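Visitor: I should like to take a close look at a single part of this model, a sheet and the strands that build it. Would you please describe that part carefully and then place it within the rest of the chain?

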Amino acid sequence: MAEITLDTVRKEFRDNSRTIVAVNDLDLTIRDGEFLVLVGPSGCGKTTTLRSVAGLEEVTSGTITFGDEDVTDLRARDRDVAMVFQNYALYPHMNVERNIGFGLRLSTDFDSQEITRRVEDTAEMLGIEDLLGKKPKALSGGQQQRVALGRAIVRDPEVFLMDEPLSNLDAKLRAQMRTELQELQHELDVTTVYVTHDQTEAMAMGDRIAIMNDGELQQVGTAEEVYRTPNNEFVANFIGSPSINLLTATVENDRLTGPGGFSYELSDPAPVEGYDRVRVGIRPEDMTLVEDGIDASVTVVEQMGNENFCYMEMGEVDLTARIDASLRPSPGETVEFGFEETALYLFDPETGESLKTMTDETDVSIEDYVTQTE
Ligand SMILES: Nc1ncnc2c1ncn2[C@@H]1O[C@H](COP(=O)(O)OP(=O)(O)OP(=O)(O)O)[C@@H](O)[C@H]1O
């Protein structure tokens with residue numbers, strides 16, 4: 001087991017005469033035994049960060065340590081890590097047993113009895129002991145993914161690194177494998193870094209989530225922390241599905257005034273003191289339709305089964321509210337919406353920094369959130 005520390009890790013690529021900063025002085029600690037999910041939009045530097053931890057990229061500057069050991073200059077094969085990629089990279093001509101044992105056979109550390117024992121134990125752990133004689137092409141996507149995992153587990157590494165390992169699976173299997181992988185990781189207690197661009201997957205799986213944008217770490221925290229107390233507008237907007245509603249409002253005394261008649265009097269104006277403009281965020285799940293709220297015009301209502309998504313316009317701002325399944329306003333109808341002030345997010349209009357610490361007083365738990373949005 002190992003705690004992984006990235007200290008001011010920077011990775012630049014040269015592309016013709018241009019310098020691309022893929023990872024910009026990243027500080028991050030992954031705790032011993034933790035399942036940390038690295039998430040962010042395409043090109044934000046997730047894979048480069050993971051490959052740097054693996055030793056597959058040489059960092060431009062900064063240090064990476066596993067426990068007390070500085071591994072920055074160690075080659076990949078001298079770091080005790082196992083990687084699982086989205087393309088399973090199984091050897092097509094080898095059966096499952098040989099695929100799982102391949103890495104062990106290359107090493108001089110294991111005799112054939114030990115290899116057989118380890119492969120059988122791993123296959124049993126993954127529920128694929130009946131498939132040991134089969135070739136990859138005879139396996140389903142989920143089974144192939146288990147074999148790829150088996151190849152990583154069998155080595156009993158200090159660190160697991162996974163890059164979108166479930167992205168080739170269909171939605172149902174992906175959801176099932178998420179749970180299995182999480183259970184397995186907790187059972188094995190191996191420090192794990194898991195990369196995905198899917199925030200729902202990140203929320204569902206990570207002990208903690210590290211959100212990156214443009215090579216920079218935006219926030220690290222539990223699902224609940226990044227959802228309820230985002231550091232900035234980027235995190236608030238990236239986490240949540242459908243996305244948070246955002247608008248710019250002017251501030252006059254205690255009153256926020258925005259597009260299309262948005263008007264709201266803050267009972268606690270302290271966060272916006274000194275601002276004449278702020279960015280306001282309201283999560284779709286924090287909005288309710290009420291009788292004496294703020295006007296918006298309904299455009300579409302999407303029925304989701306256990307609830308409805310109500311899409312609306314308020315001046316030039318598009319809004320989404322998650323409303324009760326029994327409520328079905330008609331397109332074109334003017335409705336009124338409300339929210340609790342504690343559920344309001346406020347951001348600096350220039351820097352995007354959060355202006356308030358959210359309190360967790362709304363009734364949507366993270367568990368509800370994850371199941372509802374799948
Ligand atoms: N070998 C390379 N040479 C030049 N530029 C690179 C190289 N590898 C990555 N980059 C650039 O570095 C930045 C970060 O890329 P990276 O693959 O780490 O992002 P990512 O968040 O993993 O994206 P995705 O989710 O699309 O895989 C991008 O701008 C990418 O184009």
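Guide: The part to examine is an open sheet of five strands, arranged in the order β13-β12-β11-β14-β19, with antiparallel pairing. At its edges stand β13, residues 263-265, and β19, residues 344-347. Each of these has a single partner strand, so one side of each is left without a neighbour in the sheet. From one strand to the next, the twist averages 35°. Within this sheet, strand β11 (residues 245-252) and strand β12 (residues 255-257) run antiparallel and are joined by three bridges. One residue pair may serve as an example: Thr250 has Thr257 in β12 as its bridge partner.

It should be said at once that this is a predicted model. The chain holds nine helices and 19 strands, and its C-alpha atoms fill a box of roughly 75 × 45 × 40 Å along the principal axes. Of the 374 residues in the chain, 38% are buried. Among the contacts with a separation of 6 or more, 65% are between residues 24 or more positions apart.

A second sheet may be set beside the one just described. This open sheet has six strands in the order β6-β7-β8-β3-β9-β10, and its pairing is mixed. Its edge strands are β6 (81-84) and β10 (216-221), each of which pairs on one side only. Neighbouring strands here are turned by 20° against each other on average, with direction ignored. Strand β9, residues 208-213, runs antiparallel to β10, and five bridges join the two. In this pairing, Asn213 has Glu216 of β10 as its bridge partner.

Helices accompany this second sheet. Helix α4, residues 141-153, lies across β6 and β7 (159-163), and α4 runs at about 170° to β6. Helix α4 also belongs, together with α3 (112-126), to what covers the buried residues of α2. Those buried residues of α2, a helix spanning residues 96-106, are Val96, Glu97, Asn99, Ile100, Gly101 and Leu104. As background, an α-helix has 3.6 residues a turn, so residues three or four places apart point the same way.

A single residue, Glu34, shows how distant parts of the sequence come together. Glu34 is placed in the loop between β2 and β3 (35-39). Glu34 counts as partly exposed because it has 19 C-beta neighbours inside 10 Å, whereas a buried residue would need 20 or more. Leaving aside residues up to four places away in sequence, Glu34 touches Thr191, Asp207 and Arg208. The C-alpha atoms of Glu34 and Val159 are separated by 9.9 Å, although the two residues are 125 positions apart along the chain.

The model also contains a ligand. There are 13 residues around the ligand, and those that come nearest are Phe13, Ala22, Ser42, Thr47 and Thr48. The elements giving two or more residues to this shell are β1 (4-15), β2 (18-30) and α1 (46-54). The most is given by α1, with three residues. By class, the shell consists of four nonpolar, seven polar and two charged residues.

Finally, an unreviewed UniProt entry lists residues 4-239 as "domain: ABC transporter". In the model, this span is 36% helix and 28% strand, and its end C-alpha atoms lie 25 Å apart.

Methods:
Residues are numbered from 1 along each chain as its sequence is written. This is a predicted model: local features need pLDDT of at least 70, side-chain atom pairs count only at pLDDT 80 or more; totals for chains, interfaces and linings use all residues. Two strands pair if DSSP finds at least two bridges between them. Helices (H or I, at least four residues) and strands (E, at least two) are DSSP runs, numbered from the N terminus. Axes are lines fitted to C-alpha atoms, for helices over the stretch in contact, and angles run from 0 to 180 degrees between N-to-C directions. Two residues are in contact if their C-beta atoms, placed from the backbone, lie within 7 Å. A residue is near a molecule or strand if its C-beta atom, placed from the backbone, lies within 6 Å of it. Ala, Val, Leu, Ile, Met, Phe, Trp, Tyr, Cys and Pro count as nonpolar, Asp, Glu, Lys and Arg as charged, and the others, Gly among them, as polar. A residue is buried if 20 or more other C-beta atoms lie within 10 Å of its own, exposed if 12 or fewer, and partly exposed in between; C-beta atoms are placed from the backbone. UniProt positions are given in the numbering used here, feature names are shortened, and annotations may be inferred rather than shown by experiment.
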